[in-house]
Amino acid sequence: MPSYPVNAVSTPDGQVNVLQITDLHLSSHVPAAANDTSSEVAVCQYSFAAIIKQALSKEIRCDLIIVTGDLVNKVEPAIYDHIFAVLKNTGIPFACIAGNHDVTDETGKDLPFYQRTLIARDADPRLLSRHLIESEHWQLLLLDSSITGKVEGKITATDIDWVREQLASCPKHALIALHHHVLPVDSNWIDSHMAENAEEFWQHIAPFKNLNVIIHGHTHQEQTRLHQGVAVYSTPSTCYQFKPFEDDFTYDKSMPPGYRWLQLANNGKVASWVERLDT
Ligand SMILES: [Fe+2]
Ligand SMILES: [Fe+2]
């Protein structure tokens with residue numbers, strides 16, 4: 001059984017196959033039945049477990065699971081206990097970072113987004129910050145972009161310094177994982193809640209040609225962009241989806257829950273794709 005958190009990954013061929021899951025939004029530690037679609041709570045409970053099962057039943061070897069935030073919809077240790085138990089049960093090394101919902105409770109979930117009250121909460125100590133995972137050819141840098149009590153994110157000056165030092169001192173190909181998006185996804189409502197100092201962040205990382213890929217959650221949708229030579233992957237939620245390119249908050253009820261694979265090749269190339277939960 002791998003210990004948590006994972007610091008190093010070693011594979012027979014050097015390549016690292018990463019399963020990214022994000023935005024689980026669990027509100028309960030009680031697993032839900034497959035046919036329970038009575039509420040969003042039940043759907044999120046079920047689809048998290050179903051996605052883990054589906055992804056790991058594929059031919060592809062999974063070397064590492066990265067969970068990029070919004071694990072819960074309600075900050076309660078018992079829900080994290082449940083999520084960590086499911087992930088530990090896979091026998092695959094994994095790492096989890098915080099999203100806004102891991103440090104902020106929202107009241108009035110039935111109200112429009114801008115009328116909800118935000119309550120600051122401490123992050124669960126199992127969520128990682130400035131965490132490094134190394135393989136033979138890659139360095140994976142995990143950042144906590146959450147701000148307690150807020151929806152938008154930030155990459156702190158300390159984190160930026162840490163990233164710059166890592167990228168300067170280690171020539172391996174690099175991946176950065178964080179919760180908030182660092183490029184607009186062209187939806188006004190969610191782009192007003194991205195990492196607020198994204199432009200500054202991009203300026204700081206511009207000199208480092210070994211940075212190949214950034215993965216994030218928060219947007220609940222699939223997008224791929226290339227910026228400053230870096231492939232930037234936005235990944236669907238394991239539960240509900242937001243409709244791309246809508247300026248006001250809009251669910252995408254037609255799109256099933258999803259997850260992302262990344263194959264990190266020894267030469268720095270990245271193959272990545274999204275899969276959706278079989279319905
Ligand atoms: Fe989310
Ligand atoms: Fe989020």
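**Exercise 1.** In this predicted model, decide whether T107 is buried or exposed.

*Solution.* Start with the location: T107 belongs to strand β4, residues 104–107. Next, count neighbours. There are 9 other C-beta atoms within 10 Å of T107. The cut-off for exposed is 12 or fewer. T107 is therefore exposed. Now list its contacts, leaving out residues up to four places away in sequence: R116, T117 and I119. Finally, take a distance. F208 lies 101 residues from T107 along the chain, and their C-alpha atoms are 42 Å apart.

**Exercise 2.** Work out which strands stand at the edges of the six-stranded sheet, and what packs on the sheet.

*Solution.* Write down the strand order: β6-β7-β8-β9-β11-β10. The sheet is open, and its pairing is mixed. β6 (131–134) and β10 (223–227) each have a single partner strand, so one side of each lacks a neighbour in the sheet. These two are the edges. On average, neighbouring strands are turned by 20° against each other, direction ignored. Then add the helix. α3 (residues 157–169) packs on the sheet and touches β6, β7, β8 and β9. Its direction makes about 175° with that of β7 (138–142).

**Exercise 3.** Describe how β8 pairs with β9, then find which residues have the most contacts inside the largest nonpolar core.

*Solution.* β8 (residues 173–177) and β9 (residues 211–216) run parallel, joined by four bridges. I176 stands opposite I214 in β9. Turn to the core, which has 61 residues. Its most-contacted members are L64, I97, L175, I176 and A177. Helix α1 (residues 40–56) supplies the largest share, five residues. Check A177: beyond four places in sequence, its contacts are I66, T68, I97, L140, L142 and I215.

Technical notes. Residues are numbered from 1 along each chain as its sequence is written. Chains are lettered from A and ligands numbered from 1 in the order in which they are written. This is a predicted model: local features need pLDDT of at least 70, side-chain atom pairs count only at pLDDT 80 or more; totals for chains, interfaces and linings use all residues. Two strands pair if DSSP finds at least two bridges between them. Axes are lines fitted to C-alpha atoms, for helices over the stretch in contact, and angles run from 0 to 180 degrees between N-to-C directions. Two residues are in contact if their C-beta atoms, placed from the backbone, lie within 7 Å. A nonpolar core is a set of buried Ala, Val, Leu, Ile, Met, Phe, Trp, Tyr and Cys residues joined through C-beta atoms within 7 Å. A residue is buried if 20 or more other C-beta atoms lie within 10 Å of its own, exposed if 12 or fewer, and partly exposed in between; C-beta atoms are placed from the backbone.
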